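Subject: A structure for you to explore

Hi there,

Here is the structure I promised to hand over to you. Have a look around first, and then read on for what turned up in it.

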Amino acid sequence: MKTIVAVFLLVWGCQGLDNNLQNVNKWLGTFLTPTNKRPTDCYTEKQELGQCVKMSECMDSNEIDLEKMDVYRQSNCNYLQICCPSSRMVNIGTVTPPPMPKKKAGCGWSNPGGYTFRDSSKTHAEFGEFPWMVALMRKVNQNQGWDPKDYFGGGTLIHHSVVMTVAHKLKAINYDPLLIKCRLGEWDTQNTNEIYPHQDRDVSKILVHEQFSSKTSANDVALVITSSPLDLTDPHVGIACLNFNEPKMDASCFSMGWGKDFNNNDKYAVWLKKVPLPIVDHGTCEYALQRSRLGSKLRLHNTLICAGGRKNFDTCTGDGGSSLACRTSSDGAPPRYSVYGMVAFGVECGTELPAAYVNLAALINWITNKFAEEKLDVPFFA
């Protein structure tokens, strides 16, 4: 026994006292730390003793502005938590939890709960701003965390059991439904302190357009049917509206996703991006792309439309399948959108070249026909 202890001390000393103290503490912690981690103690602005909890777990509410991250880093609490006095916590039996925000009926409503996360820099979406946004992930396990290597594209919820996306993204998994999962209600990929949690669903079937061409990006659409319905009673999730018409040239449109952020060293986005995009005329876009490295033989198929062309405002690698959503409600009215396209391809990220998006108006009949074949109701028209 003495020999074993002596060897242990010798190795410990050689590797460094500080490192080994940390390792021992970490090792001991696995035995001494309770399974249910206790919320962190903190002090409110009024110097009341409280605990760091999600905003949904406290009767008090504070607005969180992502542009003020340096302020939140100085707080004891995570930036998605607030310091809540014990008397104001909703898990205290004498306190009534705040009511769930009432959702509007129908599709396409943005930010239906009026949440308190916002980004005044306008470079990221607010929590729940695009409640139909779905992350497509390679299936690793049932409770997997977020890894950029597993995220491979975006999708749009158009039914409680159907996600619409681009066919070319699913080609990477050979259209195998067992290799994919859908995540709805995600916002900060490295955090689980949002007001409401995300939802994960496995996939039972994938329907790909029969005339899809990976060479020309024609008919680049697929429907992903989940193994069980997504819960639409959650206030931060909802179904998108589709439209029989193409967007107007002066439409106010956005795309979104967790793909590469070319303004941040091409790192994959942590928070859901929000990219304002002008609609570009089909002929103008085709001519611009022909003058790029795609060459003069390029012909832009009628199942594609174009958007973008503003420097530093663009979707990028990893955003394929994400929706191109244009506002349909008037100024001053609650924001409502229709999804007119999906990210198809671009030449580079952040240049003055427009990018191609799937033209959903040209494919709406295929989508509704597939719904009829699957005996599904059609909830995606306003």
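A charge is said to sit over a ring if NZ of Lys or CZ of Arg is within 6 Å of the ring centre and within 35 degrees of the ring normal. Arg310 fits that description: it lies over the face of Phe313, at 4.2 Å from the ring centre. Lys274 does the same with Phe254, where the distance to the ring centre is 4.8 Å. Please keep in mind that this is a predicted model.

**Aromatic rings**

Phe254 leads us to the ring pairs. The count of aromatic pairs comes to 12. In one of them, Phe244 and Phe381 have ring centres 4.8 Å apart and planes at 15 degrees, so the pair is stacked. Phe244 is in the loop between β12 and β13, while Phe381 is in the segment after α6, so this pair ties together parts that are 137 residues apart in sequence. Phe244 is partly exposed, with a relative accessible area of 48%, and Phe381 is also partly exposed, at 31%.

Now compare Phe254 and Tyr337. Their ring centres are 6.3 Å apart and their planes stand at 70 degrees, so this pair is edge-to-face. Phe254 belongs to strand β13 and Tyr337 to strand β20, so the pair ties together parts that are 83 residues apart in sequence. Phe254 is buried at 13% relative accessible area, and Tyr337 is buried at 6%. Together with Phe130 and Trp132, Phe254 and Tyr337 form one aromatic cluster.

**Disulfides**

How many disulfides does the count come to? The count is 5, and here are three of them to find on your screen.

- Cys253 and Cys326 have their sulfur atoms 2.0 Å apart. The torsion about their S-S bond is about 105 degrees, so this disulfide is right-handed. Cys253 lies in strand β13 and Cys326 in strand β19, so parts 73 residues apart in sequence are tied together. Both Cys253 and Cys326 are buried.
- Cys285 is joined to Cys306, with an S to S distance of 1.9 Å. Here the torsion is about -65 degrees, so the disulfide is left-handed. Cys285 sits in helix α5 and Cys306 in strand β18, 21 residues apart. Cys285 and Cys306 are both buried.
- Cys316 and Cys349 have sulfur atoms 2.0 Å apart, and with 90 degrees about the S-S bond their link is right-handed. Cys316 is in the loop between β18 and β19 and Cys349 in the loop between β20 and β21, so the pair ties together parts that are 33 residues apart in sequence. Cys316 is buried at 11% relative accessible area, whereas Cys349 is partly exposed at 30%.

**Strand β21 and its partners**

Why is strand β21 described as largely enclosed by the rest of the structure? The reason is that 5 of its 5 residues, 354-358, are buried. Strand β18 runs antiparallel to β21 and is joined to it by 5 bridges; Cys306, which we met above, stands opposite Ala356 in β21. Strand β20 is also antiparallel to β21, with 2 bridges between them, and Phe345 stands opposite Ala356 as well.

**The end of helix α5**

Finally, look at Gln290 in helix α5, which spans residues 282-290. Gln290 is buried, with a relative accessible area of 18%. Beyond its neighbours within four places in sequence, Gln290 is in contact with Gly295, Ser296, Leu298 and Arg299.

Enjoy exploring!

Technical notes:
Residues numbered from 1 in each chain as written. Predicted model: local features only at pLDDT ≥ 70, side-chain atom pairs only at ≥ 80, totals over all residues. Heavy atoms only, no water. Buried < 20%, exposed > 50% of the residue type's maximum accessible area, 1.4 Å probe, protein only. Helix = DSSP H or I, 4+ residues; strand = E, 2+ residues; numbered from the N terminus. Pairing = 2+ DSSP bridges. Contact = heavy atoms within 4.5 Å. Phe/Tyr/Trp six-rings, centres within 6.5 Å; stacked < 30°, edge-to-face > 60°. Disulfide = S-S within 2.5 Å.
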